[in-house]
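Visitor: Could you take me through this one? I'd like the overall layout, then some local detail.
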Amino acid sequence: MTLSRAEKLDKIFGTPLFAVLLAIFCNVLWGCAFPFIKMGYRLFEIDPSNTASIFCFAGVRFMLGSLLVLLGSTLLQSRMPTFPKGKVFAECCVLGLWQTTTQYAFYYIAVAMLTGAFGGILNSTQSFLGVIFAHFIYGNADRMTPAKTLGCAVGFAGVLIGTLGNHGGGSGWGVFCMLFATVIFTLSGPWNKSVTKKADSFAVCFLNLFVGGAALFVLGTALGGRLGSVTPLGILVLLYLAFICGAGYLLWALLMKNNPVSRIAIFGFVNPVVNVLLSAVLNGEPLFRWQYLAALVFVCVGIWLVNKAPAKKEEQ
């Protein structure tokens, strides 16, 4: 039987090695986001306390990212996405309001209040939360094992080592916003996995980003927000951030659809390592190289432990 192009795409994304490489790539992209967002605030002259303008900035980014999803559908499927109807369409829109609007409203507020390194520590909790939540949501299909438990502990220890002495400070509200955004992201994974089994993955991603981004932009504008100084460099940074969310969300949705959540979620440990490095390079935050190298070792060991083949006893 000849497979359709969508079925071939699912088969490719379900290949373990390919899934691992793409999961790492997605988290490298997302690790770039935090320092580039802070750079965007400076370039567009957005005051960290101006929440309305922050929402406008975020909304433009996600709407631009949604257009990249349409381009991705054209390149990978040779057609535009097939949009769902009725209840499934409504569910996709609600998912966008939850995962994009709500999550990133809190995330962008946190970015304005926290240093990149400290934000990376807090954001890394999505990795082990994803593995833990998958155990309770999917049960035996994606259960917690001693190897996964140890891998989460070792990986998070690596994140802490990588940012040791660099975590900086941040208000209690900023810490709460980042942790709340992380919980929303983690809970969105299983929901995304469910929706992409009922509708075209590209359509789900487009609606998620466009509806969520439009809601952020409208909310920000209604509150009196605006983008300040518009410069060529600022536009480039905004376009790169749009690429990060467009490519990242699309690839992540396809990965979540075709793989156990825990196999993919654990690679969130890569995110803060990249975050810390780029925060040092782009925003002048301090970086202790030995901590960074030690973090890489711990993160790699944690990833290996979570993804290694289960013992025969566990398979029974």
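Guide: What follows goes from the overall fold to one loop residue, its helix and a pocket.

Guide: This is a predicted model, in which local features need pLDDT of at least 70 and side-chain atom pairs count only at pLDDT 80 or more, while totals for chains, interfaces and linings use all residues. Residues are numbered from 1 along each chain as its sequence is written, and side-chain values use heavy atoms, with hydrogens and water left out.

Visitor: How many helices and strands are there in the protein?
Guide: The protein has 14 helices and 0 strands, taken as DSSP runs numbered from the N terminus (helices H or I, at least four residues; strands E, at least two).

Visitor: And what share of the residues is buried?
Guide: Of the 316 residues, 54% are buried, where buried means under 20% relative accessible area, exposed over 50% and partly exposed in between, with a 1.4 Å probe and protein chains only.

Visitor: Switching to Asp200, where does it lie?
Guide: Asp200 is in the loop between α8 (172–195) and α9 (201–222), and it counts as buried because its relative accessibility is 13%.

Visitor: Which residues is Asp200 in contact with, leaving aside neighbours within four places in sequence?
Guide: Those are Gln77, Arg79, Pro81 and Thr82, with contact meaning heavy atoms within 4.5 Å. The side chains of Asp200 and Arg79 also form a polar contact of 3.2 Å; that term covers a pair of N or O atoms within 3.5 Å, where within protein one must be able to donate a hydrogen and the other to accept it, and residues adjacent in sequence count only if both atoms are side-chain atoms.

Visitor: What does Asp200 do at the N-terminal end of α9?
Guide: Asp200 caps that end, with a side-chain oxygen 2.8 Å from the backbone nitrogen of Phe202. After α9 comes Gly224, whose phi is positive, near 95°.

Visitor: New topic: what lines the second largest pocket?
Guide: Its lining includes Leu68, Leu75, Phe243 and Leu250, and α3 (51–77) and α10 (232–258) each supply at least two residues, α3 giving the most with 6. A pocket here is an open set of points on a 1 Å grid over the protein atoms alone, where a 1.4 Å probe fits, with protein on both sides within 12 Å along at least five of seven lines; lining residues have an atom within 4 Å of a point.

Visitor: How do the lining residues divide by polarity?
Guide: The lining of the second largest pocket has 9 nonpolar, 2 polar and no charged residues, with Gly counted as polar.
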